[in-house]
Amino acid sequence: MTTLTRREALSLGAAAFMTGILAGRTPVEAAEAGTLTIAFNVNLPSFDPTTGPSAVNPTIQAIYRSVFDQFIGQGPDLKFQPGLLTAWGWNDDKTKVWMDVREGVTWHDGSKFTPDDVVWSLERAAKQDTGNPIQFIWSTANNYKVEGNRITGDVVRFEPTFFKWMAFLTGYVLPKDYYTKVGTQGFEKKPIGTGPYMVDAYEGNSYLRLKANPNYFGGKPAFDTVIFKFVPDTTSRVAEIESGSSDVTLEIPYEDFDRLKKKSGLSGVATPISDIGMIFISNVDPMLDKNVRLAANMAIDKDAIIKRLLRGYGNALSTLEAPEYEAYDASVKTPYDPEQAKKLLAASGYSPEKPVKFTIKTTRGFKPKDYEMIQAIVGMWRKVGIEAEIEVYEIAKHYELRAAHQLGPAAFYNWGNAIGDPTTSTGFAMFGPSPHSAWKTKDVDDMLGPLWGEKDEAKRIAGWKAAIKYIAEQGYVIPLLQYAQPIVYKSSLKITPNVSGALQPTLVSKA
């Protein structure tokens, strides 16, 4: 894997850097036949898809799925399909798990992929000291045994989403022998997987270059080379696609999306995805006051935000369940009622003249109009008696603060739930023991706790729906909307939209 130092890249200057690219003097190449260049909206902090904060960043999965394969695959319509496992399930009384492992797969270094890699990856993910953010899911099965290509294991605690997670965050298989040999640092320097692309060059905060895996079990990819340019700034991503420097980009302002998709040589697609824009509330002052929480919910005109800021792209939500999710309940509604919000605040001694004050954190440019949405919400709050100060941070900082339970009173976030189960939306976002929750109180935990291991599926979903309604009534979180993801690309390409929101190179082909 070759690199270009950040100092060298910066010293070139923008114009000279692009000239160098076109002349082939740097590891980054401009768009050309056989090369796909993506102006990506986040950086890649780590190559290990199973540990650390980046492992639970839904957006980065587009990169991880390019280099690594998951235990279980997932199509762009979110339907599960064979991955490195070809079949899987529980025995009748759900005391054991079984998995059949795909044959004929090789790692990027040419070594053979085996069931031992699967077992090692599962056991590693289940260890607390490994740092897997979903360790408490992977630790619900153990004592794996291999017989031929069949793996069996014991169920420690029945987890209804165990196999679903195999197609979701941290559900990746890593090479046992190679990782054990080179260690964590060695793997970061030269990662290998079984995926459709191999890592060729990387410069942190700048770019990642991948080369097609000619031996991929799913067939050779459409492009010989894929370049992810890390461009967190939305204006810069617009410039990348408009100038032709990149072939495709995503998550740009919707006014730019509407404009660019009409330009000659460009096309665009914006479809609903499984991502939800929401505001975390922590159980700290002044959010311990139910009146403040409910007022903060009721003062937000979500439809106006979608219409004016997002140009109609999105669907207003009152819970953390999108219509595609299993526990979605359209009857649960938090009304837009600023007058009632004023009354609630007045009951707690607040008013526009004497507002309740707190800080709200948000990203800026991670999602289309994220900062502008929070600006609009702060304006709506001000009218009813809430004075919020905006603090901008990078998405990586959000994960750091959330894991430490230091998000503060309110924090905007984009929650992805590509498997549609209530445990992976409301569950992980609201259950106190979860490292991903901000609101941590006994009443919620008492409702959610028994649902994690419920074996009766109908009873499980009904229980989640009841808990979701209660959470809405208490105002423990502020759901905002379901996103539509804007993607702009050169007309010479064909894009298959992914409901998960992961812009995987394998979903891009030549038109």
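**Strand β10 and the nonpolar core**

In this predicted model, I227 of β10 has R209 as its bridge partner. That pair belongs to a longer match-up: strand β9 (residues 207-212) and β10 run antiparallel and are joined by 5 bridges. Strand β10 also pairs with β1 (residues 35-40), this time in the parallel sense and over 6 bridges. Here I38 is matched with F228 of β10.

So how enclosed is β10 (residues 225-230)? With 6 of its 6 residues buried, the strand is largely enclosed by the rest of the structure. Side chains in a regular strand alternate between the two faces of the sheet, and for β10 both faces turn out to be covered. T225, I227 and K229 are buried on one side, while V226, F228 and F230 are buried on the other.

Turning to the nonpolar core, the largest one holds 154 residues, and the members touching the most others are M166, L208, W381 and M430. Strand β17 (residues 477-490) is the top contributor to this core, giving 9 residues. Because domain 1 (68-174) and domain 2 (270-482) both supply residues, the core lies between them. As for M430, leaving aside residues up to four places away in sequence, its contacts are L320, S437, W439, V444, D445, L448, I471, Y476 and V477.

On the annotation side, an unreviewed UniProt entry places the feature "domain: Solute-binding protein family" at residues 79-426. Over that stretch the chain is 29% helix and 26% strand, and its end C-alpha atoms sit 21 Å apart.

Definitions and conventions. Residues numbered from 1 in each chain as written. Predicted model: local features only at pLDDT ≥ 70, side-chain atom pairs only at ≥ 80, totals over all residues. Heavy atoms only, no water. UniProt positions renumbered as here; feature names shortened; annotations may be inferred. Helix = DSSP H or I, 4+ residues; strand = E, 2+ residues; numbered from the N terminus. Buried < 20%, exposed > 50% of the residue type's maximum accessible area, 1.4 Å probe, protein only. Pairing = 2+ DSSP bridges. Core = buried A, V, L, I, M, F, W, Y, C linked by side-chain atoms within 4.5 Å. Domains from an automatic or database assignment. Contact = heavy atoms within 4.5 Å.
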